[in-house]
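Welcome! Here is a short tour of how some chains in this model meet one another.

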Number of protein chains: 4
Amino acid sequence: MKLAHSSGRAGSQPLAPVDLVPRFKAQGYTAADVARRRLWVEHKTGVRLDHVATCSVPTEQMRGNIENPIGTVQMPLGIAGPLRVCGDHASGTFYVPLATSEGALVRSYERGMVTLTRAGGVTTRVELDENRVCPVFMFDTVAEASRFIERIDDSVPMLRAEAEATTRHGRLVRVEARQVGRDAIVSFSFTTGDAQGMNMIVKATGRACDWLVARGLASSYHLFSGLSSEKRASTALLGSGKGKTVIAGAKLPAALTKACLHATPEALVKVWHRATIGHFLAGSVGCNAQFANGLAALFIACGQDVANVANAHAGLTTFETTPEGELYASVTLPSLTVATVGGGTALGTSRECLALLGCSGNGNAARFAEIVAATALAGELSMAAAIASGEFVDAHEHYGRNRPAE
Amino acid sequence: MKLAHSSGRAGSQPLAPVDLVPRFKAQGYTAADVARRRLWVEHKTGVRLDHVATCSVPTEQMRGNIENPIGTVQMPLGIAGPLRVCGDHASGTFYVPLATSEGALVRSYERGMVTLTRAGGVTTRVELDENRVCPVFMFDTVAEASRFIERIDDSVPMLRAEAEATTRHGRLVRVEARQVGRDAIVSFSFTTGDAQGMNMIVKATGRACDWLVARGLASSYHLFSGLSSEKRASTALLGSGKGKTVIAGAKLPAALTKACLHATPEALVKVWHRATIGHFLAGSVGCNAQFANGLAALFIACGQDVANVANAHAGLTTFETTPEGELYASVTLPSLTVATVGGGTALGTSRECLALLGCSGNGNAARFAEIVAATALAGELSMAAAIASGEFVDAHEHYGRNRPAE
Amino acid sequence: MKLAHSSGRAGSQPLAPVDLVPRFKAQGYTAADVARRRLWVEHKTGVRLDHVATCSVPTEQMRGNIENPIGTVQMPLGIAGPLRVCGDHASGTFYVPLATSEGALVRSYERGMVTLTRAGGVTTRVELDENRVCPVFMFDTVAEASRFIERIDDSVPMLRAEAEATTRHGRLVRVEARQVGRDAIVSFSFTTGDAQGMNMIVKATGRACDWLVARGLASSYHLFSGLSSEKRASTALLGSGKGKTVIAGAKLPAALTKACLHATPEALVKVWHRATIGHFLAGSVGCNAQFANGLAALFIACGQDVANVANAHAGLTTFETTPEGELYASVTLPSLTVATVGGGTALGTSRECLALLGCSGNGNAARFAEIVAATALAGELSMAAAIASGEFVDAHEHYGRNRPAE
Amino acid sequence: MKLAHSSGRAGSQPLAPVDLVPRFKAQGYTAADVARRRLWVEHKTGVRLDHVATCSVPTEQMRGNIENPIGTVQMPLGIAGPLRVCGDHASGTFYVPLATSEGALVRSYERGMVTLTRAGGVTTRVELDENRVCPVFMFDTVAEASRFIERIDDSVPMLRAEAEATTRHGRLVRVEARQVGRDAIVSFSFTTGDAQGMNMIVKATGRACDWLVARGLASSYHLFSGLSSEKRASTALLGSGKGKTVIAGAKLPAALTKACLHATPEALVKVWHRATIGHFLAGSVGCNAQFANGLAALFIACGQDVANVANAHAGLTTFETTPEGELYASVTLPSLTVATVGGGTALGTSRECLALLGCSGNGNAARFAEIVAATALAGELSMAAAIASGEFVDAHEHYGRNRPAE
């Protein structure tokens, strides 16, 4: 992959010449190189990039996070809270940084957070925590694939040794093989500490696969089969999780929902009931009102891999009245692939935003996940209430004013 | 919704006091108010927010995009290209801004773009362009819901008049009703010009619904049923689209895929074949390798509503060999809810990044959508090639270095 | 296809000889030929087929329904009722024939029917009635597929003329095209009168496709793309229906559910609530307790195409309490591909069972569909009640005794 | 449940009287009682049931298979073959009984079987064999549900002892708990010998659940949560199986596919490629052409629970060319809930049809499952070939003549 662009020939034909983005020594992460590259883009396009040039993060720190850097983008950051969380890992009252350009989003989440805090807080739990890679091994016949699967159990100790030799943080917790036609898909499930860990476990899995080939158990494989649903919504995420499976719940008295959310518990359940129907009709992955909003805003603020919104937004919200007439509300997020180390977590604003939540660095990923789940619950309540009370349009009229001139 | 936090009483009980984020006159968008709010957060949490304070966008411009602003977050921006696009709307060679902190992402997309450009470029088409809101009307019995549905066709002209009275850009193109039990879900489909348009069409739909109630055709409704799959992955998006349905395709000679992607057309088809199996097993929405990566990076760079990655990443990639031994590769993205006006598109770096693509402002949404689709195709080729050639791990070792210390 | 088995050569190699089922003049539908074929099977396998030989339907009537006939199979038939239906098409009290070998099934449906009848009956509606075929046209490039789609609207009158020339009962009501990559999938939607109609509309669609090829608009197509979900469960069925979309609902006082179902409305809603969660987790198509049981039993009894259970069982059940404390229960079946003419509907027991419901022959398909939906509702109530009351195991202990000796 | 119909009062109100199907002593399974009941239906409806009365199975044998029996229904039975199977359990050449009223079905499967037999036969494997019940336990809070789940692992030995005390054939192989909101869904997975086993394992699971309640670990549960996908299509079936997971594959030379199926391997792969697209668009559960047809016909013939077609038809077909230009075709059926003992397997024609395949009685379920899978593969080949060659309409014109008069 490294040399792809320098190749000048396709077989005997010279490749068509193209105007590549300029190459620099050591990939060009010095401030000067970044400026030169930006200048090249400005010349090429005739567009001035003054805002892009405004960048408080030292450009050398971007190495490993981006290639061909030309600066940074900025996104507005708001603060929502207080959010009281009573979890196994997160305990206390938080003010949550949300990066977005969607008017009313911060206000809506804030409303939910204040309501939950007044109800006594959100209970949170991390129920499962593993990430996985699912390579596929290819055979000539159904019989050969079947034989491979029969023999893989015996190899697990060696696969673990091979995989874990590549990483200090990843632990291989499970190997599961299944056959489809003449292929065998093998799921390697790992714990990854406080990192999101995909690069870590992909490398570890690659090593384990190479061992299987070297031992003659298989002759070829693809490192990805699509089964693991990395950066994709899928039902499999609901069933077996990927990353952290986190649950948040709270009980809210009717007087509180009426005062703060302008809706009775019964009215909120009615909204939820309709939502399940709509989601079934649409073939949605799970059922929730707006996980994606809060997740995207938190992920951008806190240096997460934002593409993981695609898998992380799959999940389930439930609303139910109790025999005492209260509302019990919960969210279940089976695929919170979040991190407090690695990736973009240490960069300028990311580190600051994680620190706001007491979640920067090692030992904090589970805490961060619980805060994310509590935030999601706040969003669900507020959104459902806006639907139940008919206030949605007014709220967006009031807060979301940056629309095209009508 | 506006008064939720000021309410001091829930029924006869006073609400528990909470420590709200400070309120300012006119919601506090002056630079001084933003600084004061940030200072309050710093005091509250003991965290310094120096990077968050670095902000080139005038804070007053954030009104309508965020509440409780405390500054901006920054994300690294890289440039990938050249990408030659031969579309109905986008025509030319582009350098695409990608904001991410995931190492190797820009390089991987760049590789795909260069390959496609050398193949002569990507053909793109916008096949459909509408957005929708799906309120649900509630009745006491199956018979009443059925009667409502029988009568709604006659109301369409008035519904259109009501809806379009609220907007200069939105046009109501279709009204479709379906019954589930004793509910009736009505889909209002609009064109929205160059805006993403959700706020616009939600307001318009609300007005139409109110008219139905005022005329006695229904007595109650919820503005959202969950059917429209806003910010959610769902099969319904694949079937009927939401936002722009965009298609991109290219034919690549075997010599080119071998030289630039280190894989034959047959090897790439083999990867695709396995991917379909993995995606079926997982119950994925569609089948693609990494739409989410490119979409998130482009959406962040260009001021899109990033939560829309949840719906936009649903789509289909196809690889097939031609009788002449070439590869034909395509992507179909049925839910590109992108915009070049409104939302965050006019803010500092967003406007600059859109301008880089010649897509800032009115008249450019279809062009932008075609560039997004071509970018997605580049990502699919590069990812599939990394899988086919076994180079994935090496590439991430080389470029994705910002991992937790091992 | 007709000559496949007689072909003695594959290219220059003779095909391996195989021992075919004996061929007879005129395909062998005389009683003597059927007996001779059965005898051949008995000799071949050493198994006596005395029960299979018991057959009251004249074997010549089987022509068009089966090939290589050797007799009939028998399945026990029970009767459940009374079921009071208040529909647009079905009105009155019915006793429903159910063919099954699953103990407790008839009793369970009967319980639901009696309860519904005591509640005043089931309201039913047929909301949509069309069947479809979705051929796919293949092109060399995205651009060509796009051009085809742009031009197809103009061809609809000619497509209708061609399609309808092949049938007296089928009417082409809609043609919808969508593009995926370089393919164009075209949905041809028909009304089919009282027949299930697949053969009818497949032939009609084939004629229309041939016309498109003859006119040079396309060069090749496959008659089936898989999109129509014939005999398959899919989300698309929930969204757009296939066959008849039928809805049934009823309101049940709490006193009645307690007396007849041993469960309060709240307890039944609680079961439904859990069912939605379980179905989301599983990635089910819709949400219902046991549509398949009743559908299979009715389809077998009434000469329907039983494989259609695969699509017909996709649907939605809803339970909700009313403000007055009653239960409102409904079922929505979007893909009832049922018939009262054609297929197996005229054969011996099938005709008798349809006649029991007043549904044999022309003009009765909608009535039959409403009775099917009302039956499904009965099953849902009874099953949910057995779950709520904890009586499921006891009921099956009592009625389902034909289990393997323990 | 047993007393539901005899209850004459709902609270203080008498229930509305209804005209129940006549009750007999000992539930009325004597030939005389069955005749009297049938006569009652004839009088009630004015329909003569002469064919229904034709019944070679002694009515007393129907006890445990049906309630309120009035006779049997007949369905035409055809024979297809030869089908050569090379499995772990099924080995030899079979003639497969198919009960259907859909013209061309038997001929189509026969064509696929003959082709496969000429190719040397079908390789089959049973990869997994377990059935499951997934009760849901309900708690007041997220915290309580979490505590329950933490403690359940320690209970597994006792759960196993309780569950297995109820059955001689069922073995509890796994207990897996997951939390959703404040509920805990527990999957009890069993092996069930040669029975389909649902009644067996439902009873066993009920006992285990009662033990959990008796020990104070939970206070209430529902025996079914919907997660197990009994008689429903769902993605979960593809992921984890239910019943037998069976795979069948075969390699076919190009000369053979051309001679017998009138299509090249490449043309067949082209059909498969389109099918995957259509199935993704539709949101189908897996991807296959017509599993449901063969399964329904075999299930009816062999006394299976026909409603299981709803889950069993979920599965995956793959077609791929080999480097040598052959076709490799496979089917993977993850949810073959089939049986050779219990249910309807011992009744008259069912026993004869199972015996035809050497599969009647104990020790034969895996063999039967492999034959079913091989039959499914035959259907896929024949259907794909009919699509590729454009012969579908002609075949149905020729064989499927029993359509409504046009």
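## Where the chains meet

Chain A and chain B bury about 13,800 Å² between them, with 63% of that area on carbon and sulfur atoms. Please keep in mind that this is a predicted model. On the chain A side 158 residues take part in the contact, and on the chain B side 157 residues do. Six salt bridges are counted between chain A and chain B.

Chain D also touches chain B, through 20 residues of chain D and 20 residues of chain B. Within the area that chain D buries against chain B, His273(D), Phe280(D) and Glu320(D) supply 38%, more than any other three residues. Two salt bridges are counted here, between chain D and chain B.

This table sets the two contacts side by side:

| Chains | Buried area | On carbon and sulfur atoms | One of the salt bridges (N to O) |
|---|---|---|---|
| Chain A and chain B | about 13,800 Å² | 63% | Glu110(A) and Arg23(B), 2.7 Å |
| Chain D and chain B | about 1,600 Å² | 72% | Glu320(B) and Arg274(D), 2.5 Å |

Let us now look at a pair of helices from chains A and B. Helix 13 of chain A (residues 392-399) and helix 5 of chain B (residues 198-214) have axes that come within 10 Å and cross at roughly 140°. That angle is why helix 13 of chain A counts as oblique to helix 5 of chain B. The crossing of helix 13 of chain A with helix 5 of chain B is left-handed.

Which residues meet there? Phe392(A), Val393(A), His396(A) and Glu397(A) from helix 13 of chain A touch Asn199(B), Val202(B) and Lys203(B) from helix 5 of chain B. Sorted by class, this contact has three nonpolar, two polar and two charged residues.

Notes: Residues numbered from 1 in each chain as written. Chains lettered and ligands numbered in written order. Predicted model: local features only at pLDDT ≥ 70, side-chain atom pairs only at ≥ 80, totals over all residues. Heavy atoms only, no water. Axes fitted to C-alpha atoms, helices over the stretch in contact; angles between N-to-C directions. Helix = DSSP H or I, 4+ residues; strand = E, 2+ residues; numbered from the N terminus. Parallel < 35°, antiparallel > 145°, perpendicular 65-115°, else oblique. Left-handed = near helix turned anticlockwise from the far one by under 90°. Contact = heavy atoms within 4.5 Å. Nonpolar A, V, L, I, M, F, W, Y, C, P; charged D, E, K, R; others polar. Buried area = accessible area lost by both parts, 1.4 Å probe. Salt bridge = Lys/Arg side-chain N within 4 Å of Asp/Glu carboxyl O.
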